[in-house]
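Trainee: Could you take me through a close look at a single part of this structure? I would like to see how one helix sits among its neighbours.

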Amino acid sequence: MIDTADPYAAYAALRTAGPVHRIAGPDGSPSWLVTRYDDVRRALADPRLSVDKRNALPGNYRGLSLPPALDANLLNMDPPDHTRIRTLVTKAFTAGRIDALRDPIRRTANALLEPMRGAADLVTEYAAPLPITVICDLLGVPVEARPDFRSWTDTMLAPPGPDEARAAIGAMLRFFAGLIEAKRSVPGDDLVSDLIAARDQEDRLSDDELTSLIFLILFAGYENVVHLIGNTTLALLDDRSRWERVRADRSLLPAAIEEAMRYDGPAPLAIRRFPLEDLEIGGVVIPAGETVLLGLASANRDAERFPDADRFDLDRAAGGQLALGHGIHYCLGAPLARLEVAIAIDALLDHAPGLTLAVPPSELRWRDTIRTRGLTGLPVKLG
């Protein structure tokens, strides 16, 4: 059993015991967990491991149940469909568009920090509202709808029950249908309008693919960044010398973010995969169609790849961490995520140089899931 509050001891024990283990996956179905860095990195780029659920053995995988209009996304697609859709969205998700968000992200960060005095919860008051604002700006979502987006996403990730999850999914699907209709009638300077143009002019996206792509951009662009901001802030505050070093030398900020992604990244597991043939990983033969989970968090703490891997090290040589994936499914929004986190931490260093944790780290609470690695709250004193 993996303790969601501190999973790393369990991952270390699994790596020591062997490279691949038979476990119960997050949905309770039987799965194979790959734990060591070299095996995980190779598997992430292995075309014999499919993400298409149609390649799963009958009854072997359940997973999150989504309607077709949300399920036809890049996380469920192999080439050539994956290549076709990723190429389209890459053209719309340009470096220029991301860079144009730099000043709006900083203004949003400053506006969220300005009213904070004395004490605050950095997750609910800062780390969560910042990325939902950014991703909704990118997509062209009206301001009045943004609180609903955040509520729907949170409910889907940690539903109180199946009825609440279905209600959130249904509400999100209806909203997307209305948003697409509105943007088709009156296009704007936003990503949804660009994707609609790709769908309507080139006829290279089905309606379900268009809706699913918007859903994925929103979902991943919000959830990962919330946890990256929270986990990076905690890693810096957990040892005061780290915070002070980065505050004094902002050139260390990119290294701090990369190390935070390695040390305590937002996704413990990569999206599940299914071998297209009997496949050997780490000396273990996994039958075709069974579920394979690639342990990103475990790989990123593998001392064979990262010496003294359980220590957060601002001076660690850059490169190699797998928090955002590897291969054709590498996170499309990685440049935007890095930009958001860098601006969020930089603004926090300016606004609250004396920032401290309001409770001991042992009292912090983590989301009770191995699908994501994120705090439910981060109480701080602003100094």
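Mentor: Happy to; here is a walk around helix α14, followed by a look at some aromatic rings. Please keep in mind that this is a predicted model.

Let's start with the helix itself. Helix α14 runs over residues 253–264. Its twelve residues reach 16 Å from first C-alpha to last, close to the 16 Å expected at 1.5 Å a residue. The helix is mostly covered, with nine of the twelve residues buried. Those nine are Leu253, Ala256, Ile257, Glu259, Ala260, Met261, Arg262, Tyr263 and Asp264. The elements that cover them include α1 (8–17), α12, α13 (240–248) and α16 (334–351).

Of those neighbours, let's take α12, which spans residues 207–238. The axes of α12 and α14 lie 9 Å apart, and the two helices pack at an angle of about 100°. Angles of 65 to 115 degrees count as roughly perpendicular, so α12 is roughly perpendicular to α14. On the α12 side, the contact is made by Leu228, Asn231, Thr232 and Leu236. Facing them from α14 are Ala256, Ala260, Met261 and Asp264. Sorted by class, this contact has five nonpolar, two polar and one charged residues. The α14 residues in the contact, Ala256, Ala260, Met261 and Asp264, also appear in the list of buried residues of the helix.

Now to the rings. The model has six aromatic pairs. One of them joins phenylalanine 215 and phenylalanine 219, a tilted pair with 5.4 Å centre to centre and 35° between the planes. Both phenylalanine 215 and phenylalanine 219 are buried. They are four residues apart in helix α12, which means about one helical turn separates them. In general, an α-helix has 3.6 residues a turn, so residues three or four places apart point the same way.

A second pair brings us back to α14. The ring centres of tyrosine 263 and phenylalanine 312 are 5.6 Å apart and their planes stand at 90°, so this pair is edge-to-face. It links distant parts of the chain, 49 residues apart: tyrosine 263 belongs to helix α14, while phenylalanine 312 is in the loop between α15 (296–299) and α16. Buried means under 20% relative accessible area, so tyrosine 263 counts as buried at 17%. Phenylalanine 312 is buried as well, with a relative accessibility of 4%.

One last stop for the rings: Trp152, Phe175 and Phe176 form one aromatic cluster.

Technical notes:
Residues numbered from 1 in each chain as written. Predicted model: local features only at pLDDT ≥ 70, side-chain atom pairs only at ≥ 80, totals over all residues. Heavy atoms only, no water. Axes fitted to C-alpha atoms, helices over the stretch in contact; angles between N-to-C directions. Parallel < 35°, antiparallel > 145°, perpendicular 65-115°, else oblique. Contact = heavy atoms within 4.5 Å. Nonpolar A, V, L, I, M, F, W, Y, C, P; charged D, E, K, R; others polar. Expected span 1.5 Å × (residues − 1). Buried < 20%, exposed > 50% of the residue type's maximum accessible area, 1.4 Å probe, protein only. Phe/Tyr/Trp six-rings, centres within 6.5 Å; stacked < 30°, edge-to-face > 60°.
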